[in-house]
Amino acid sequence: MRRATLLAALAALTLSGACAPSVPGSSSGTSGSQAPAASADRLTIGTTADVVNYNPLVGNSRTDSWVTDLMYPHLTQMDEAGKRIPYLATEWSYSEDGKTATATLRDDMKWTDGKPVTADDVAFTVNAVKKENFGVVAGLITALDKAEAVSPTEVRFHLTRPDGTFLDNVGFWLPVVPKHVFEKAPSVQKFANDSNWVSAGPFNLTKVERGQRYVMDRVADFGPGQPTIKQVVFRVFPDVNTEVLALRNGEIDLIGNVLPPATAAELKSDPKVKLQQIASLGWAHLQYNTKRKPMDDVRVRQALAHAVDYEAIRTIAMKGFAKSSNSSVLTPSQPAYMDPTSKEYTFDPELSKKLLAEAGVSNLTLGMIYDQADPNIARWAPMVRDSAKKAGITINLQGLERNTYVDKSLKSDFDIYAGSWAIMDNPPANLGLAFKSGGFINYGKVTDPKLDDLIDQSQRALSPAEAKAPIQQAARIIHDQVYDNVLYVETFNIAYSTGWTGFKPMPSELLSILNPLSLAAAKPAG
Amino acid sequence: MRFIGLRLARGVLTLWFAVTVTFFLVRLLPGDPVLAVADPNMTEELHQKLLADFGLDQPLGVQYLDYLGQLLHGNLGMSFRQSIPVTTVLMERLPWTLILTITAMVVTIVLGIPLGVLAATRAKGWLDRVIQITGVTAQSLFVPSVGIFLMYVLGVWLGWFPIGGAVDLDATGIGATLSMIHHLVLPCLSLVLVQLGGYVLTMRTTLIDALGEDYVSLAKAKGVRPGKVVWKHALRNALLPTTTIAGLQLGTLVGGAVLTETIYAYPGIGRAIYEAVGQLDFPVLQGAFVLLAAAVVVANLITDVAYGILDPRVRT
């Protein structure tokens with residue numbers, strides 16, 4: 001018996017010995033109730049994906065953008081109200097006829113190899129995107145004829161037509177790359193840019209351990225001010241839940257990804273964690289396929305809109321981390337364009353039934369596609385189904401794998417599409433893509449000449465004030481015709497350790513507190 | 001020699017089968033790989049150009065033959081998403097998967113055999129019952145559940161182990177080795193716990209059978225010490241089924257490693273597969289499966305040869 005016990009103990013010892021030697025002094029656990037004291041030496045950020053493309057003009061994932069945005073400056077950033085604020089550009093304007101746009105640049109920005117950042121770099125970047133026609137920006141600068149450097153600090157964009165969205169789009173979306181590096185590549189689009197990085201942001205990538213981490217070191221002479229933090233490290237985790245464990249464990253200081261509402265509600269009471277609320281520039285919505293019967297009848301679309309319990313979705317599924325947009329595509333995140341007269345569709349199953357009867361539709365059964373990996377939609381999709389049932393409408397849920405979902409959305413292969421736009425930063429430009437005839441993300445196949453005309457008018461306007469009237473009229477048509485059914489605007493929650501402070505929040509998951517100006521300003525608390 | 005030649009030929013055939021199934025299977029994945037790499041707001045011209053760049057504009061049969069031709073030249077192709085050779089992607093990840101799976105396998109065998117022997121030599125005693133119940137329970141465990149449980153208890157509550165990654169950023173020299181071991185504990189333990197039951201129970205059953213054989217009775221009658229009877233006479237025969245299990249379990253271990261690496265953000269091939277599925281990166285998926293299939297085929301070949309050495313009767 002004694003030998004048996006001894007052997008068992010030996011086996012247990014072997015298990016712990018073979019599998020678990022601890023590293024002296026390196027335990028990363030934080031069992032106290034306070035976050036560990038932060039050091040300005042390093043800020044570790046959790047992300048859920050590797051960097052796939054180091055060429056900032058091509059990359060399209062969140063991690064790609066977070067990392068490359070710290071390296072390549074944009075002309076502008078955005079304040080919390082969605083208004084453009086200076087970054088590389090200090091001023092920008094249009095000529096009276098709207099066919100020329102000019103931006104004046106700061107003169108204190110340098111690439112990490114010592115060369116100054118000039119208007120030549122901006123002109124080269126824009127012209128390369130135009131010439132090779134790739135990336136997000138290419139679809140937003142269709143009005144561009146060419147860009148030219150008038151002086152080292154002034155760049156002029158010649159447009160083929162007045163386009164009041166041009167500077168907003170270029171300022172927000174275009175990362176400026178060093179001409180003297182990128183021009184050597186036969187194709188800017190195909191340039192991998194995966195080593196020896198030359199950048200001009202607050203941090204420069206210095207070490208890559210794929211699948212594990214991306215190390216970025218401080219750039220001492222960053223124009224807007226030397227960052228406090230010496231090093232930013234992005235660490236890769238499989239999902240947000242693991243990131244939360246790592247934050248609680250003290251392995252990371254900040255979670256880059258937005259927290260699902262239920263997780264945010266749970267973390268609210270954690271003394272080691274602070275939640276930063278960020279406005280979304282997008283919205284969650286339902287779109288009805290206007291080319292499929294009976295949804296081609298506006299009364300059916302209205303019936304569907306009145307069969308959704310919006311408040312319940314915001315309160316229960318979103319745990320209160322969502323605002324009403326009054327069923328308007330001009331959301332509270334865009335105060336310069338918002339229409340205060342818009343009213344949310346009421347949840348009224350009886351009205352739904354009446355509208356369906358008027359349209360001569362009975363026993364309506366529809367399918368609703370959504371991305372099953374989206375934790376928010378997975379929570380509210382059953383609520384949409386259940387509330388529709390009260391109006392006598394049967395909705396069959398079709399939770400799909402992401403690639404299938406995107407494919408079906410682009411092909412408008414659905415009755416009802418449930419989803420969310422991530423970033424709608426400029427209503428005239430974005431409504432053009434989403435609701436103009438043939439618009440690239442016009443999933444509902446809307447074709448309305450009056451709407452097209454109003455969106456065109458708003459795009460020609462050279463200031464938000466001038467664009468406001470036509471874009472509000474366009475939004476009213478979208479509301480009345482139920483071309484889009486806006487459910488809510490999410491309030492994002494970004495979690496970080498209470499050991500840190502000084503972040504500068506900006507709207508959207510893309511900018512949030514990970515934007516370059518924010519990380520350049522962040523510092524240890526206390 | 002003929003025995004090894006036959007096993008080798010069977011291995012090559014298995015590999016070809018795995019390559020073929022993988023090639024067609026990944027193409028059944030829904031979605032457009034071009035949309036996973038480029039902004040959806042691209043022109044149709046660019047879409048077609050990217051399809052051509054990826055070789056996806058060709059008929060499926062042509063793509064398949066091209067791929068087989070590439071493989072014969074040792075070329076696994078270029079990653080759609082990362083624009084670098086698949087070999088580079090996999091070679092960055094392979095060492096981590098090898099460290100994890102080999103460690104897990106060695107620990108499982110080192111623990112499984114003695115525990116099986118212990119249970120068999122104490123058959124029907126309380127220790128045997130405890131080992132059996134634990135073994136059966138361990139066999140029914142699911143890697144993700146074990147992984148999340150261990151991560152939460154040992155990583156977050158007790159804070160003993162890191163819950164993600166493979167090595168600390170600042171670790172160098174011996175510190176780096178210790179850091180690697182420290183990071184290896186939880187993923188390794190998850191795999192060991194899931195695999196251990198199979199070894200223990202098989203070892204127990206086969207050893208009980210062996211201990212009932214005439215040659216064991218003869219050895220005992222000759223006055224050979226009980227320990228020597230078990231470890232020297234009975235164990236060699238009882239090891240044959242366990243050797244088979246070790247070869248078969250490698251496939252399960254590789255499958256478990258995909259889940260374990262994903263849960264613990266361990267930068268091995270399993271995690272690369274998980275990422276490649278979401279990104280529809282066909283070349284990386286194909287390359288990873290070919291590599292893993294090759295590993296399993298080679299391991300089985302070694303098992304067959306080892307079996308032949310342990311039991312010369314199978315060399316036919």
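Which residues does Thr262(B) touch, not counting residues up to four places away in sequence? To answer this, select Thr262(B) in the predicted model and display its surroundings. Its contacts are Pro238(A), Gly270(B), Arg271(B) and Tyr274(B), when residues up to four places away in sequence are left out. The list thus includes Pro238(A), a residue of chain A.

Next, colour the helix to which this residue belongs. Thr262(B) is part of helix H10 of chain B, which comprises residues 226-263. Is Thr262(B) buried or exposed? Its relative accessible area is 11%, and because the limit for a buried residue is under 20%, Thr262(B) is classed as buried.

Now select residues 94-303 of chain B. UniProt, in an unreviewed entry, assigns to this span the feature "domain: ABC transmembrane type-1". The span is 83% helix and 0% strand, and its end C-alpha atoms are 22 Å apart.

Then turn to helix H1 of chain B, residues 2-26, where Trp16(B) is found. Trp16(B) is partly exposed, because its relative accessible area of 44% falls between the limits of 20% and 50%. Add Leu13(B), Phe17(B), Val21(B), Leu25(B) and Leu28(B) to the selection: together with Trp16(B), they make a nonpolar surface patch of about 660 Å².

Finally, move to chain A and select residues 85-436. An unreviewed UniProt entry gives this span the annotation "domain: Solute-binding protein family". Here the composition is 30% helix and 24% strand, and the end C-alpha atoms lie 29 Å apart.

Conventions
Residues numbered from 1 in each chain as written. Chains lettered and ligands numbered in written order. Predicted model: local features only at pLDDT ≥ 70, side-chain atom pairs only at ≥ 80, totals over all residues. Heavy atoms only, no water. Patch = residues over 30% accessible without salt bridge, like charges linked within 9 Å, V, L, I, M, F, W, Y side chains within 5 Å. Areas by Shrake-Rupley, 256 points an atom, 1.4 Å probe, with all protein chains shown as cover. Salt bridge = Lys/Arg side-chain N within 4 Å of Asp/Glu carboxyl O. Helix = DSSP H or I, 4+ residues; strand = E, 2+ residues; numbered from the N terminus. Buried < 20%, exposed > 50% of the residue type's maximum accessible area, 1.4 Å probe, protein only. Contact = heavy atoms within 4.5 Å. UniProt positions renumbered as here; feature names shortened; annotations may be inferred.
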